[in-house]
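I opened this entry to record what I looked up, working outward from the ligand and then along the chain.

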Amino acid sequence: MSTVMTPAAAARRELAAFNGRLVGPEDSGYDEARKVYNAMIDRRPAVIGKPTSPTEVAQLIHFAREHGLPVAVRGGGHNGAGLGTVDDGVVIDLSLMRDVEVRPQERTVRVGGGATWGEVDRATGAHGLATPSGIISTTGVGGLTLGGGLGHLTRKFGLSIDNLLSADVVLANGVSVRASADENPDLFWALRAAAGTSASSPRSSSACMRSAPSWPARRCGPSRTPRRSCRSTASSSPPRRASSTGSSRS
Ligand SMILES: Cc1cc2nc3c(=O)[nH]c(=O)nc-3n(C[C@H](O)[C@H](O)[C@H](O)COP(=O)(O)OP(=O)(O)OC[C@H]3O[C@@H](n4cnc5c(N)ncnc54)[C@H](O)[C@@H]3O)c2cc1C
């Protein structure tokens, strides 16, 4: 009698360095690990891997290719259609890649592929800066930005995607590249139209975004945070046409 190895068991053997960051149906944490924001989505991935670096993202892609498994990338897990997960495939869960680095002089912020907007807002807000995001803090920067990204600052500063300056991307063949207006501009163009193409789109391991000055807190009273004062100011301003050329399909 031959024994067939499950994809999760194969992943544990072939990706030993993940050591505890691979979850399969036989693991006790599986149901928690496969959950996405929309509770109506009930997909059962074969393996959920949590990389901590672009190299590990590439290893998961390579594993999926070798085993003929479909791939889904999960950022914040908020996509209503459940694009961040997949039945019988490999979920690349970026939740351990959520570092946020603000460069106040450049007015930019570099964000890990699994970061949420709350984390970015906290980091930029500490410098009096803000990047156009969504209306709640728990959506992922990756998914919202790739879908356009519409929020309180959109009328003044455009969509989130309009503020994307560059992205470090792991391609479907496992190679890591940077995409920007100057480097791999065709890929950069594709990222700006990539929402929902999870099977074929590149995996962004981090992104650099423009961060504009937020309104000083005193405009809305000394106890308000800059982020809240942006919201209040935006809602009381006369409507302005967004300067965006992108579209929101989230
Ligand atoms: C409660 C709620 C509030 C929302 N509010 C807003 C809003 O104010 N404005 C707005 O524009 N949208 C909003 N949305 C929609 C939201 O932007 C989309 O659902 C978006 O897809 C969520 O992104 P995510 O990373 O959280 O989701 P996920 O399900 O993790 O990912 C969505 C898609 O993006 C891909 N993806 C995610 N991260 C990466 C990455 N790093 N690299 C490559 N691909 C990646 C995934 O593969 C998937 O295809 C809201 C959604 C919810 C549920």
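**Entry: ligand shell, helices and hairpins**

I began with Arg107, which is partly exposed, having 16 other C-beta atoms within 10 Å. I kept in mind throughout that this is a predicted model. Arg107 caught my eye for its backbone, since its phi is positive at about 55° although Arg107 is not a glycine. I placed Arg107 in the loop between β5 and β6, and there it belongs to the turn of a hairpin that has four residues between the two strands.

I then followed the strands of that hairpin. Strand β5 (residues 100–103) is joined to β6 by four bridges, and the two run antiparallel. When I looked for the bridge partner of Val102, I found Val109 in β6. I also checked burial in β6 (residues 108–112), where four of the five residues are buried, so the strand is largely enclosed by the rest of the structure.

Which residues does Ala123 touch, leaving out those up to four places away in sequence? I found Val100, Val102 and Val109, which brings the helix that holds Ala123, α4 (residues 117–125), into this picture. The C-alpha atoms of Ala123 and Val100 are separated by 7.0 Å, although the two residues lie 23 apart along the chain. Is Ala123 buried or partly exposed? I noted it as partly exposed, because Ala123 has 19 C-beta neighbours inside 10 Å and the cut-off for a buried residue is 20 or more.

**Entry: the ligand**

I turned next to the ligand, which is surrounded by 34 residues, the closest being Gly75, Gly76, Gly140, Gly142 and Gly143. The elements that give two or more residues to this shell are β3 (71–74), α5 (141–146) and β10 (203–210), and α5 gives the most, with four residues. I sorted the shell by class and obtained 10 nonpolar, 22 polar and two charged residues; for a reader weighing that split, glycine is counted among the polar residues.

Why does the ligand lie between domain 1 and domain 2? I wrote down that domain 1 (7–95) and domain 2 (100–213) both give residues to the shell, so the ligand lies between them.

**Entry: another positive phi, and a helix**

Going back to the backbone angles, I reminded myself that most residues other than glycine have a negative phi. Asp88, like Arg107 above, is not a glycine, yet has a positive phi of about 55°. I located Asp88 in the loop between β3 and β4 (90–93), where Asp88 is partly exposed, with 13 other C-beta atoms within 10 Å.

I then looked at helix α3 (residues 54–66), which has 13 residues and reaches 18 Å from its first C-alpha to its last, close to the 18 Å expected at 1.5 Å a residue. The buried residues of α3 are Pro54, Glu56, Val57, Gln59, Leu60, Ile61, Phe63 and Ala64. After α3 comes Gly68, whose phi is positive, near 65°.

**Entry: the second hairpin**

I closed with strand β8 (residues 164–170) and strand β9 (residues 176–180), which pair in the antiparallel sense over five bridges. Which residue of β9 stands opposite Asp168? I found Arg178 in that place. The hairpin of β8 and β9 has five residues between its strands, and Gly174 takes a positive phi near 90° there.

Key: Residues numbered from 1 in each chain as written. Predicted model: local features only at pLDDT ≥ 70, side-chain atom pairs only at ≥ 80, totals over all residues. Near = placed C-beta within 6 Å. Domains from an automatic or database assignment. Expected span 1.5 Å × (residues − 1). Buried ≥ 20, exposed ≤ 12 C-beta atoms within 10 Å, placed from the backbone. Pairing = 2+ DSSP bridges. Contact = placed C-beta atoms within 7 Å.
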